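User: I am new to reading protein models and would like to work through one by asking questions. Could we go step by step?

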Amino acid sequence: MAEAGSSFAELSKLRGGAVDQAEPAPIEPKIDAKGRSYATGRRKDAVARVWVKPGKGAFVVNGRDMPAYFARPTLQMIINQPYDSINRLGQYDVFCTVSGGGLSGQAGAVRHGLSRALVAHEPGLRPALKAGGFLTRDDRQVERKKYGRAKARRSFQFSKR
């Protein structure tokens, strides 16, 4: 141990690295030739393919308007949550196709895909959407049915007689 009094700064200089790391390069938006950004969203068994481009706020799901496809107000609220967190409601046109699962899973998949597409179009939105939890895929699945049971955990009705 020749140099017992070395600091971490001196050790990093010996290694050839700098003490202060350089700033990472800014993330560039991923926009195709038509001005759209694409992302895939998933929830339960549903998969949504979402395209986002600047516009007047049109939202098309499987060829129909979003309020016509997702008639329940709670499903519409789930889908609009990313917009509310970044205050960009009505600034983007969204076209998406969704398949698999039920309406609740499809709404969650569209929300996930929309959030990821917004980040692809505007990388600066990532911290706000990440803090809201919209970029994390909800990986909960339905528990499978077990033999000798009515459902996954429910037993058949018991009667002593």
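User: Leaving aside its neighbours within four places in sequence, which residues is V110 in contact with?
Analyst: In this predicted model, a contact is counted when heavy atoms lie within 4.5 Å. When the neighbours within four places in sequence are set aside, the residues that V110 touches are A48, V50, F59, F70, I79, C96 and V98.

User: Which residues of the largest nonpolar core touch the most other members?
Analyst: In soluble globular proteins, nonpolar side chains tend to be buried together. The largest nonpolar core here has 29 residues. Those that touch the most other members are V52, F59, V61, F70, V110, L118 and L129.

User: Which element gives the most residues to this core?
Analyst: Several elements each supply at least two residues of the core, namely strand 2 (46-54), strand 3, helix 2, helix 3, strand 5 and helix 4. The one that gives the most, with seven residues, is helix 4.

User: What pattern of helices and strands does the protein chain follow along the sequence?
Analyst: The protein chain contains five helices and five strands. Writing α for a helix and β for a strand, and reading along the sequence, the pattern is α-β-β-β-β-α-α-β-α-α.

User: Where in helix 3 does the kink lie?
Analyst: Helix 3 covers residues 73-86, which makes 14 residues, and from its first C-alpha to its last it reaches 20 Å, close to the 20 Å expected at 1.5 Å a residue. The helix nevertheless has a kink of about 45 degrees, found shortly before the proline P82, and the residue at which this kink lies is N80.

User: Which elements do the buried residues of helix 3 pack against?
Analyst: The buried residues of this helix are L75, I79, N80, P82, Y83 and I86, so that N80, where the kink lies, is itself one of the buried residues under the cut-off of 20% relative accessible area. Their packing partners are strand 3 (59-61), helix 2 (66-69), strand 5 (92-99), helix 4 (103-121) and helix 5 (126-132).

User: Which residue just after helix 3 takes a positive phi?
Analyst: The place to look is the position that follows the end of helix 3. There the phi angle is positive, with a value of about 55 degrees, and the residue that takes it is N87.

User: How many residues apart in sequence are the parts that E122 and R88 tie together?
Analyst: Side chains of opposite charge can pair when their charged atoms come close. The side chains of E122 and R88 form a salt bridge, at 2.7 Å from N to O. Because E122 lies in the loop between helix 4 and helix 5 while R88 lies in the loop between helix 3 and strand 5, the pair ties together parts whose separation in sequence is 34 residues.

User: Which residues are joined into one network by salt bridges that share partners?
Analyst: R140 forms a salt bridge with D138, the closest N and O atoms being 2.8 Å apart. R140 counts as exposed because its relative accessibility is 56%, whereas D138, at 25%, counts as partly exposed. Through salt bridges that share partners, the network joins R43, D138 and R140.

User: Is the ring pair of Y38 and W51 stacked, tilted or edge-to-face?
Analyst: A pair of aromatic rings is described by the distance of the centres and the angle of the planes. For Y38 and W51 the centres are 5.1 Å apart and the planes stand at 45 degrees. Planes under 30 degrees apart would count as stacked and those over 60 as edge-to-face, so this pair is tilted.

User: Is W51 buried or exposed?
Analyst: Y38, in strand 1 (residues 37-43), and W51, in strand 2, are 13 residues apart, and their ring pair links distant parts of the chain. Y38 is partly exposed, because its relative accessible area is 39%. W51 has a relative accessible area of 18%, and since the cut-off for burial is under 20%, W51 is buried.

Note on methods
Residues numbered from 1 in each chain as written. Predicted model: local features only at pLDDT ≥ 70, side-chain atom pairs only at ≥ 80, totals over all residues. Heavy atoms only, no water. Helix = DSSP H or I, 4+ residues; strand = E, 2+ residues; numbered from the N terminus. Expected span 1.5 Å × (residues − 1). Bend = angle between axes of the 7 residues up to and from the residue. Buried < 20%, exposed > 50% of the residue type's maximum accessible area, 1.4 Å probe, protein only. Salt bridge = Lys/Arg side-chain N within 4 Å of Asp/Glu carboxyl O. Core = buried A, V, L, I, M, F, W, Y, C linked by side-chain atoms within 4.5 Å. Phe/Tyr/Trp six-rings, centres within 6.5 Å; stacked < 30°, edge-to-face > 60°.
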